[in-house]
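Hello,

Here is the structure I said I would pass on. My notes on it follow below.

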Amino acid sequence: MSQMCVRVIKPTHRSRLGSRHSASLPAVEKWLRLVRYARWQHLADARRVFPHADAVEVASGNTVTLFNLGGNAFRLITAIHYRTQNIFILRLLTHASYSKNTWKQEL
């Protein structure tokens with residue numbers, strides 16, 4: 001079975017994300033370029049490209065994957081479905097907003 005490339009769901013979110021955090025756009029664009037042709041099967045694969053990627057369980061019981069962007073200024077919160085090779089962009093937060101941990105209850 002051939003592996004598919006990762007498909008980012010709603011890449012158009014970048015314009016919406018940019019309207020909230022315009023300083024994040026270069027980092028988000030770089031992240032999108034790097035994941036576009038990824039063939040990740042598990043978190044360890046993502047960490048080869050993004051060493052600080054982290055999996056976190058949220059209130060719903062689901063696990064999300066966090067990426068530090070922009071020199072640690074932003075956190076991109078995603079849901080990665082390794083089996084189907086889909087990545088859902090859930091949130092983009094500043095480091096300060098992320099640190100409040102309220103986002104965990106929303107997901």
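Apart from neighbours within four places in sequence, Thr78 is in contact with Trp31, Val64, Thr65, Phe67, Ile87, Phe88, Ile89 and Leu90. Please keep in mind that this is a predicted model. Thr78 belongs to strand β4, which covers residues 74-81. Is Thr78 buried or exposed? Its relative accessible area is 0%, and the cut-off for buried is under 20%, so Thr78 counts as buried.

Two of the residues that Thr78 touches, Trp31 and Phe67, come up again among the aromatic residues. Trp31, Trp40, Phe50 and Phe67 form one aromatic cluster.

On the aromatic pairs themselves, the count for the model is five. One of them is Trp40 with Phe50, an edge-to-face pair with 6.3 Å from centre to centre and 90° between the planes. This pair links distant parts of the chain, with the two positions 10 residues apart: Trp40 is in the loop between α2 (25-36) and α3 (43-49), and Phe50 is in the loop between α3 and β2 (54-57). Trp40 and Phe50 are both buried.

Phe50 also pairs with Phe67. Why is this pair edge-to-face? The ring centres are 5.1 Å apart and the planes stand at 75°, and planes over 60 degrees apart count as edge-to-face, so the pair falls in that class. Here too distant parts of the chain are linked: Phe50 sits in the loop between α3 and β2, while Phe67 lies in strand β3 (residues 63-69), 17 residues apart. Phe67 is buried, as is Phe50.

A separate item concerns a charge and a ring. The charged end of Arg75 sits over the ring of Tyr98, at 4.8 Å from the ring centre.

Now for the chain as a whole. How many helices and strands does the protein chain have? There are five helices and five strands, and along the sequence they come in the pattern β-α-α-α-β-β-β-β-α-α. The protein chain has 107 residues, and 41% of them are buried. Of the contacts in the protein chain with a separation of 6 or more, 45% are between residues 24 or more positions apart. The exposed area of the protein chain is about 6,400 Å², of which carbon and sulfur atoms supply 51%.

Regards

How values were computed:
Residues are numbered from 1 along each chain as its sequence is written. This is a predicted model: local features need pLDDT of at least 70, side-chain atom pairs count only at pLDDT 80 or more; totals for chains, interfaces and linings use all residues. Side-chain values use heavy atoms; hydrogens and water are left out. Helices (H or I, at least four residues) and strands (E, at least two) are DSSP runs, numbered from the N terminus. Buried means under 20% relative accessible area, exposed over 50%, partly exposed in between (1.4 Å probe, protein chains only). Contact means heavy atoms within 4.5 Å. Rings of Phe, Tyr and Trp (its six-membered ring) pair if their centres lie within 6.5 Å; planes under 30 degrees apart count as stacked, over 60 as edge-to-face and the rest as tilted. A charge sits over a ring if NZ of Lys or CZ of Arg is within 6 Å of the ring centre and within 35 degrees of the ring normal. Accessible areas come from the Shrake-Rupley method with a 1.4 Å probe; for residues, only the protein chains shown count as cover.
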